[in-house]
Amino acid sequence: MHCSPFSPSHGVAPWARKLLIASLVCASLCPAQRLSAESVTTTAAGNLKVARDFKVELLYTVPKDTEGSWVAMCVDPKGRLIVSDQYGKLYRIVPPPIGSSAPIQHQAIDLAIGKAHGLLYAFDSLYVMVNEDPKRGLYRVRDTNGDDKFDEVKLLRHLDGAGEHGVHAILLAPDGKALYVVCGDATKLTDMDASRVPLDWSEDHLLPRMSDGNGFMKGVLAPGGWIARVDPEGKTWELIAVGFRNEFDAAFNRAGELFAYDADMEWDLNTPWYRPTRLNHVISGAEFGWRNGAGKWPAYYIDSFGAVVNVGPGSPTGVAFGYGAKFPAKYQEALFMCDWSFGKLYACHLTPEGASYTGTLEEFITGQPLALTDVVINKQDGAMYFAVGGRRTQSALYRVSYVGKESTAPSIGEFPRPHGNSKDFPRCGALGKARLFDRGVGRTRSVGNELYLAPPR
Ligand SMILES: [Ca+2]
Ligand SMILES: [Ca+2]
């Protein structure tokens with residue numbers, strides 16, 4: 001359908017077009033390093049621009065013909081990485097100790113599972129968000145006999161959403177009791193047992209809409225990309241937020257607040273309705289107002305919620321907080337955000353403001369090409385790992401460690417909740433001040449200088 005993934009054969013796929021834009025930009029700036037879907041090669045660590053006192057190692061160049069191109073990663077409790085080929089298998093990787101020049105050890109996980117955009121090790125299981133397969137959806141993979149080899153694959157819920165706008169990430173809930181599932185706008189909503197989002201979305205247009213260029217995903221209407229909370233057995237689903245374009249990944253901060261890095265529609269550039277790629281603070285019950293073409297909600301709509309940071313053109317992929325990294329405190333607390341098309345790994349430094357946050361972006365690591373797909377922190381060795389690849393391009397695994405003199409002691413984690421966050425009154429939006437409503441009793445309420453919006457109809 002519409003947007004098959006990192007597939008070079010689909011010229012209308014947004015990432016394909018972005019690659020072209022990146023290629024044109026690159027061609028004008030650095031003719032010797034042109035980027036194209038067919039010719040992306042591995043960039044040596046020494047050719048990357050890296051934040052001061054950080055070191056990057058190219059750990060592994062993925063043999064494209066046999067192991068494909070890696071787009072998702074997670075870390076297991078022993079500090080091993082599990083990665084997924086976009087169109088193939090899962091692999092388990094033992095990275096060499098930091099400072100050692102030994103090669104990585106890795107092996108294929110020989111089970112009928114792979115083709116994932118999201119991986120998570122939790123509840124003594126590997127959760128896999130299978131995308132490029134007719135049997136796509138949320139899976140649980142376990143080692144049932146304790147021999148350190150996975151042997152059971154169980155489909156928890158089929159999800160209807162293929163390709164680059166389909167089934168994406170899976171996260172552990174901050175209370176450690178549930179999972180959060182992240183899906184792009186081509187993923188149909190699955191049956192929900194509950195919803196924090198008022199179930200009354202519509203296209204909400206007064207004037208006729210101009211559809212996306214070339215009619216791209218014309219039939220894909222509200223609510224767009226969505227995030228749901230799911231129990232570890234995959235049985236009970238609760239809708240948390242909707243209205244994203246294509247948030248490939250998301251992450252919780254220490255305070256339990258969720259952030260998603262949403263995509264833009266690059267064909268909207270220079271139109272009044274263009275929304276840049278942006279970091280959204282995913283508050284309970286939010287509707288971020290993605291709509292096809294000219295119908296999308298601008299950030300100033302009172303019933304939407306703006307961005308923590310507007311990033312600009314790009315292709316958002318993996319995100320991760322720096323918690324657990326042996327980095328200076330500033331970077332332990334940063335949210336790392338991968339941009340696939342422009343080869344930028346941002347460190348976003350967040351500051352509470354009102355009921356939400358503001359953030360400043362730092363280009364932590366950049367390269368041409370550096371088609372970033374996912375980033376994780378390995379708490380066992382305190383290093384960051386990131387993968388490049390996607391759309392069958394040349395893939396590789398890199399490691400980032402801190403080699404400067406600042407303390408890398410665990411940050412004390414004083415990451416305050418934004419003002420106005422409470423269990424009883426989930427925030428539904430903010431433009432400077434908090435605007436909350438009480439879904440529990442269904443009435444409007446104001447506290448202090450905060451305005452609580454009317455309850456859902
Ligand atoms: Ca086993
Ligand atoms: Ca990820």
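**Exercise 1.** Find the order of the strands in the open sheet that contains β2, β25, β26 and β27, and work out which of them stand at the edges.

*Solution.* In this predicted model, the open sheet of four strands runs in the order β2-β27-β26-β25, with antiparallel pairing; strands here are DSSP runs of E with at least two residues, numbered from the N terminus, and two strands pair if DSSP finds at least two bridges between them. The next step is to look at the ends of that order, where β2 (54-61) and β25 (372-378) each have a single partner strand, so one side of each is left without a neighbour in the sheet. Neighbouring strands of this sheet are turned by 20 degrees against each other on average, direction ignored, where the axes are lines fitted to C-alpha atoms and angles run from 0 to 180 degrees between N-to-C directions. Looking at one pair in detail, β25 and β26 (residues 383-388) are joined in the antiparallel sense by six bridges, and D374 has A387 in β26 as its bridge partner.

Before going on, note that residues are numbered from 1 along each chain as its sequence is written, while chains are lettered from A and ligands numbered from 1 in the order in which they are written. Because the model is predicted, local features need pLDDT of at least 70 and side-chain atom pairs count only at pLDDT 80 or more, whereas totals for chains, interfaces and linings use all residues.

**Exercise 2.** Describe the open sheet that has β3 and β6 as its edge strands.

*Solution.* This sheet has four strands in the order β3-β4-β5-β6, again with antiparallel pairing. Its edge strands, β3 (70-75) and β6 (105-114), each pair on one side only, and the twist from one strand to the next averages 25 degrees. Between β3 and β4 (residues 81-85) there are five bridges in the antiparallel sense, and W70 finds its bridge partner in D85 of β4.

**Exercise 3.** Follow β24 and identify the strands that pair with it, including β1 and β23.

*Solution.* Start with β1 (residues 49-50), which runs antiparallel to β24 (residues 356-366) and is joined to that strand by two bridges; here V50 has I365 as its bridge partner. Then turn to β23 (residues 344-353), which pairs with β24 in the antiparallel sense over 10 bridges, with H349 standing opposite T360. The hairpin of β23 and β24 has two residues between the strands, and G354 takes a positive phi near 55 degrees there. Beyond β24, in the loop that leads to β25, lies P369, which is joined to Q368 by a cis peptide bond with omega of about -5 degrees.

**Exercise 4.** Examine the loop between β13 and β14 and decide whether N214 is buried or exposed.

*Solution.* The loop between β13 (194-195) and β14 (225-230) holds P223, and a cis peptide bond with omega of about 15 degrees joins A222 to P223. N214 lies in the loop between β13 and β14 as well, and its phi is near 60 degrees, a positive value in a residue other than glycine. N214 is exposed, with 11 other C-beta atoms within 10 Å; a residue counts as buried with 20 or more other C-beta atoms within 10 Å of its own, as exposed with 12 or fewer, and as partly exposed in between, the C-beta atoms being placed from the backbone.
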